[in-house]
Amino acid sequence: MASLSEEVLLVVKKVRQRKQDGTLYLMAERIAWGPEGKDRFTVSHLYSDIRCQKISPDGKAKIQLQLVLHTGDSTTFHFANESTALKDRDAAKELLQQLLPKFKKKANKELEEKNRMLQEDPVLFQLYKDLVVSQVISAEEFWANRLGGVNNGEPAPYNNKQEVGISGAFLADIRPQTDGCNGLRYNLTADIIESIFRTYPAVKQKYSENVPHNLTEKEFWTRFFQSHYFHRDRINTGSQDIFSECAKQDEKGLKSLVTQGVKNPLVDLLSLEDKTLDEGYGISKALPSTSNANKSVKESSNSAIIKRFNHHSAMVLAAGSRKGDLPTDQASETSSTDGNSRDSDFFQPPLKKVKLQEAIEYEDLQRENTPKTVALNLKKSDRYAHGPVPLQSQQYTTSQDIINSVSYIQQEMTNYKPNLTRVLSSTTATSAIAALSPGGVLMQPVGQQSINQMVPTDIQGELKHLYIAAGELLRHFWSCFPVNTPFLEEKVTKMKTNLERFQMTKLRPFQEKVQRQYLSTNLTGHLEDMFQMAYSKFHIWQTRRMMRKT
Amino acid sequence: MKLNIEGLLVYFPYDYIYPEQYSYMLELKRTLDAKGHGVLEMPSGTGKTISLLSLIVAYQRAFPLDVTKLIYCSRTVPEIEKVVEELRKLMEFYAKETGEANNFLALSLSSRKNLCIHPEVSSLRFGKEVDGKCHSLTASYIRAQRHSNPNLPVCRFYEEFDAVGRQVPLPAGIYNLDDLKDFGRRKGWCPYYLARYAILHANIVVYSYHYLLDPKIADLVSKELAKKSVVVFDEAHNIDNVCIDSMSVNITRRTLDRCQNNVDTLQNTIHKIKETDAAKLREEYRRLVEGLKEANVARETDIYLANPVLPDEVLQEAVPGSIRTAEHFVGFLRRFLEYLKARLRVQHVVQESAPQFLKDIFDKVCIDRKPLRFCAERLQSLLRTLEIADIADFSAVTLISNFATLVSTYSQGFTIIIEPFEDRTPTIANPVLHFSCMDPSIAIKPVFQRFQSVVITSGTLSPLDIYPRILDFRPVTMASFTMTLARTCLCPLIVGRGNDQVALSSKFETREDFAVIRNYGNLLLEMSAVVPDGIVAFFTSYVYMENIVASWYEQGILENIQKNKLIFIETQDAAETSMALEKYQEACENGRGAILLSVARGKVSEGIDFVHHFGRAVIMFGVPYVYTQSRILKARLEYLRDQFQIRENDFLTFDAMRHAAQCVGRAIRGKTDYGLMIFADKRYARSDKRGKLPRWIQEHINDGSLNLTVDEAVQLSKHFLRQMAQPFRQEDQLGLSLLTLEQLQSEEMLQKISQMAHQT
């Protein structure tokens with residue numbers, strides 16, 4: 001039941017959902033629907049869960065509103081009040097339109113992020129299944145560490161999210177549709193409007209000047225699409241067109257851009273030619289007649305289109321990079337404002353030098369600058385793996401070499417003084433030797449290969465998952481040390497129980513399974529060791545704590 | 001590495017070398033040995049410049065008496081600066097290897113606009129303004145006036161240079177434009193005149209074509225360069241047009257009106273001077289009687305105006321008596337001007353040769369050939385005598401007098417066309433007199449005659465044999481090198497049909513065809529979805545592009561393209577286009593991807609490189625034929641046919657294909673680069689077109705990709721791009737398209753290389 005404090009913004013009666021009549025409520029933070037005659041909501045969505053709303057086309061008999069949730073589910077409401085259905089729907093739509101963007105900002109970004117991480121990382125997903133789904137640890141615990149890592153590790157993409165550029169074709173997306181009775185309909189979305197504003201600041205200014213004092217939003221956009229500004233190829237412009245000023249402003253902006261000149265000297269067509277022919281010399285290349293009068297309307301509209309495309313692309317580009325290089329822009333601004341373009345000569349050379357150097361560079365003719373690393377090329381990898389083999393005698397080419405080396409060794413031996421404080425005890429030494437001699441513990445053929453052969457793949461897979469899950473838990477556990485806050489104390493105890501639980505619910509069954517298949521129990525030995533290590537650490541910590549307390 | 005090129009020790013400032021660089025150097029060495037001229041084609045991005053510089057510098061060091069100077073001509077300012085930077089790299093390598101600082105002096109020279117450091121003058125935007133302002137501060141008579149009137153403005157940089165700079169030679173080193181400016185600022189000397197002076201004793205000079213090919217400038221700047229120089233024309237695929245442009249003159253009614261004003265001003269000035277300082281005019285007359293040679297011992301700053309024809313032809317004789325006195329000359333100009341005005345009052349197109357024109361002018365206004373020839377020289381002398389400060393104002397009368405000199409000097413190779421109106425607007429009278437040069441060999445002839453070796457080189461010079469023919473010289477070496485590739489990093493595709501099997505072509509008949517335009521749009525749309533980063537598309541002409549863009553806009557194709565990439569379009573305004581270009585690069589840089597629509601023969605297609613991600617695909621919409629209805633072109637074609645036996649169609653196709661090759665070649669700037677080259681016109685499949693593409697492009701067109709549909713092209717592109725996106729390391733190239741010194745010296749490789757060079 002709706003709490004009393006909740007503010008109800010809109011109530012629409014006679015709304016059907018799943019063929020059931022009911023009432024739709026739009027509240028401050030959620031939208032809800034209850035069947036008629038009952039006082040509970042069977043449908044209730046937080047605005048932040050809603051991805052978007054869709055409405056049925058105008059011509060349709062059924063007047064519907066569909067809500068699509070982030071989860072992908074959707075709910076459809078059918079407005080059934082015959083006389084006012086359309087109005088009801090539009091009212092709901094309008095309100096939602098205003099409400100949704102507000103919540104969109106914080107629209108479960110975190111959930112999406114988690115979702116994304118799980119989808120992108122199969123290992124993480126498996127881990128999630130192992131730990132959270134099987135309820136070894138809670139989801140919060142699982143994520144607390146993860147997302148924290150994300151936040152600390154690379155704060156950039158998370159904290160200030162990357163500015164999304166504008167599609168070059170956003171105006172093309174507004175396809176006018178004929179509505180059947182001699183009119184055009186444009187579908188505008190919030191995204192498109194934002195694109196227009198970002199690309200054409202002049203329009204935004206007009207918008208804030210005129211809406212809603214002089215024009216309604218709808219009127220504003222109608223005029224926009226009717227204007228010469230939008231249809232740049234139309235030459236005749238209405239005098240009362242509010243956008244004619246925008247066009248002029250754009251023109252000015254374009255001109256100032258052009259006069260500013262280009263920074264890269266290699267693309268500056270003006271200074272390309274060293275010595276242009278004087279006027280009157282040369283084969284005349286159909287000089288464009290200077291008077292505009294004899295230009296046909298078509299021609300000038302063509303060049304208007306071309307201008308428009310250049311301008312549009314430049315604006316889109318600028319809108320995309322506006323935020324990023326504001327400081328650099330300002331720097332160049334100052335350098336170009338303190339004099340005409342020639343004065344900025346003093347600033348020019350570095351860039352020019354760099355560009356020239358780039359242009360004459362042949363990277364493949366030069367030896368690579370990084371010190372060349374020799375790739376390890378093993379002809380017999382087993383020899384590499386199994387340690388040194390006695391050198392073949394033929395490699396000692398001369399007997400002199402042998403004599404030399406023998407005498408060298410002799411000399412070394414005479415000077416040899418055992419450092420007795422640092423030698424191993426004899427028992428350790430013998431055990432090490434025993435372990436390393438054939439048949440010893442370390443010399444058992446327990447290489448990767450043998451595991452591959454001995455253990456069936458499903459067990460291997462399982463073992464892998466166990467390792468990952470255990471590793472994750474242990475990571476949590478060890479990250480609690482040194483335990484210096486009450487929170488950590490709590491956590492470390494919890495983690496210990498988690499570990500024990502994991503051992504009970506996951507590791508034991510696995511061990512039993514392994515035993516059932518008569519495989520060497522050694523497989524999990526290392527895992528057990530790790531757990532034991534953690535437990536002993538925990539015990540030490542606990543006893544210390546007790547001592548301190550007593 | 002140190003190379004042995006047929007006994008010559010060449011220092012090459014890299015650890016590795018491309019095989020084609022080696023064979024390029026071989027050919028170049030042979031050219032220099034033979035003291036002859038050469039034509040060498042090597043794809044861009046294979047290190048042509050550094051090969052050239054390494055070899056010639058080595059040659060200069062080995063045989064300092066045989067080759068005293070390298071004159072390296074390139075086309076654009078960035079190109080020039082790039083060359084100097086490469087040279088710097090080479091010299092640093094020399095210093096490192098030999099351990100001694102070497103005494104090479106190399107510098108670049110550019111116009112005043114790029115070199116001036118005078119705070120006031122250099123702030124002017126246009127080259128002509130800078131030149132004029134500079135002249136008004138530094139002309140000899142202005143400086144002479146200053147002796148009497150010290151309040152006149154002065155360029156302290158020039159004064160300083162004049163006082164000290166000449167005695168102290170520029171210390172050895174490499175001077176790029178900025179280095180010259182720095183040096184000038186430090187010393188307080190004018191960098192421009194310093195450079196002009198220093199090129200006389202420099203070992204290497206890098207400057208633009210005009211300083212050699214435009215006789216108006218060449219005479220001033222390059223007259224005293226040593227005969228034993230090697231001249232290199234880089235990016236020379238358009239050299240014939242540069243030659244022609246520098247010798248052609250257009251006269252409109254506006255020119256004549258301004259000229260009239262000039263002549264009036266001259267008259268008034270003469271009148272005034274006569275009252276105050278008649279001695280000056282008498283002095284000039286005396287000088288002219290003694291001969292032009294004497295009169296022409298001008299100071300360097302005066303040579304703002306120079307003779308458009310080749311120097312030694314005129315200067316032997318004295319100025320004819322009829323135009324020796326100032327008043328007579330002005331009267332002469334008046335008569336000439338009136339004659340031209342009368343000629344422009346035509347109702348129909350007139351075309352005539354220079355002798356016809358001369359005969360007509362003699363019949364009508366009794367102007368002889370001889371005084372006409374001296375017109376330019378005489379005007380120069382007069383302007384100097386009258387001490388006219390702002391010489392830029394007199395550009396109109398200068399133009400007319402240059403025309404007079406040219407038309408009376410050359411009886412062949414030029415044509416005069418008078419058109420009463422533009423073809424497109426037959427109702428608006430806009431008479432123009434075109435005096436157009438049809439023979440590029442006229443301008444370049446003195447270069448071939450004077451210098452012992454001239455090398456013409458570019459990435460696209462195919463077919464090679466046409467250049468010696470139209471430039472009228474006999475090369476000792478002609479070679480075309482291909483790009484050895486470890487992976488096929490270029491993918492030329494000829495798209496001849498749309499998905500609906502409509503033949504794609506930009507030919508005149510189907511130009512307005514919506515089906516073709518739509519299919520072109522589809523091609524671009526599909527490519528924009530497949531190709532990463534930047535795509536450059538070239539159209540055959542600006543008008544064509546405008547039309548296509550408009551109809552793509554109407555059909556909604558552009559909007560769909562915008563979904564994939566941003567669109568930038570070249571406009572006729574250079575500043576606007578520069579901005580679009582920069583934004584285009586920005587969009588490629590930040591990963592959004594962009595499309596640049598541009599025009600073949602435009603500034604973008606000639607001067608801007610689209611390396612790596614700036615151009616992953618180039619689409620050439622149509623075959624960029626020149627506008628064939630122009631009378632000037634027709635006259636030139638006729639001339640080529642009569643004089644050089646080059647068929648009209650051959651030349652037109654050659655011209656179209658070199659521009660197409662230039663356009664598509666913009667995308668590949670090296671072996672690590674890769675890109676698609678899409679020729680969207682079925683005519684490219686014909687062997688007469690295909691055969692004129694450079695070899696390094698041609699050999700990668702296989703028969704399967706001659707007549708693709710849009711879909712097929714997209715499939716092939718996808719495949720190609722996926723392959724190319726794999727990492728490409730140095731080791732992959734090594735031994736195939738990249739050699740170490742040891743590999744280069746192996747017998748097998750040398751054999752391979754020698755084979756390669758002979759495939760010309």
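This briefing looks at how two domains of chain B meet, and at how chain B meets chain A. Keep in mind that this is a predicted model. Chain B is split into domain 1, residues 247-432, and domain 2, residues 490-727. When chain B touches chain A, about 7,700 Å² gets buried, while the two domains of chain B bury about 620 Å² between them.

**The two domains of chain B**

- Measure from centre to centre, using C-alpha atoms, and domain 1 and domain 2 of chain B sit 44 Å apart.
- Their contact draws on 8 residues from domain 1 of chain B and 7 residues from domain 2 of chain B.
- Carbon and sulfur atoms give 50% of the area buried between these two domains.
- On the domain 1 side, B:Gln412, B:Ile417 and B:Asp423 supply 47% of the area buried against domain 2, more than any other three residues.

**What links the domains**

- There is 1 salt bridge between domain 1 and domain 2 of chain B.
- B:Glu419 and B:Arg631 have side chains that meet in a salt bridge, with 2.5 Å from N to O.
- The domains also show 1 residue pair in polar contact, with both residues at pLDDT 80 or more.
- Strand E11 of chain B, residues 414-421, gives the most to the domain 1 side of this contact, with 3 residues.
- Sort that domain 1 side by class and you get 2 nonpolar, 4 polar and 2 charged residues.

**Where chain B meets chain A**

- Here the contact takes 100 residues from chain B and 70 residues from chain A.
- Of the area buried between the two chains, carbon and sulfur atoms give 55%.
- B:Tyr553, B:Gln562 and B:Met579 lose the most area to chain A within chain B, yet together they make up 8% of what that side buries.
- What about salt bridges: how many are there between chain B and chain A? The count is 0.
- Polar contacts do turn up across this interface, with 11 residue pairs in which both residues are at pLDDT 80 or more.
- Helix H27 of chain B, residues 574-589, brings the largest share of chain B's side, 13 residues.
- By class, chain B's side has 34 nonpolar, 33 polar and 33 charged residues.

**An annotated stretch of chain B**

- An unreviewed UniProt entry puts the annotation "domain: Helicase ATP-binding" on residues 7-285 of chain B.
- Over residues 7-285, chain B is 57% helix and 13% strand.
- The C-alpha atoms at the two ends of that stretch are 60 Å apart.

Notes:
Residues numbered from 1 in each chain as written. Chains lettered and ligands numbered in written order. Heavy atoms only, no water. Domains from an automatic or database assignment. Contact = heavy atoms within 4.5 Å. Buried area = accessible area lost by both parts, 1.4 Å probe. Salt bridge = Lys/Arg side-chain N within 4 Å of Asp/Glu carboxyl O. Polar contact = N/O pair within 3.5 Å; in protein donor to acceptor, adjacent residues only side chain to side chain. Helix = DSSP H or I, 4+ residues; strand = E, 2+ residues; numbered from the N terminus. Nonpolar A, V, L, I, M, F, W, Y, C, P; charged D, E, K, R; others polar. UniProt positions renumbered as here; feature names shortened; annotations may be inferred.
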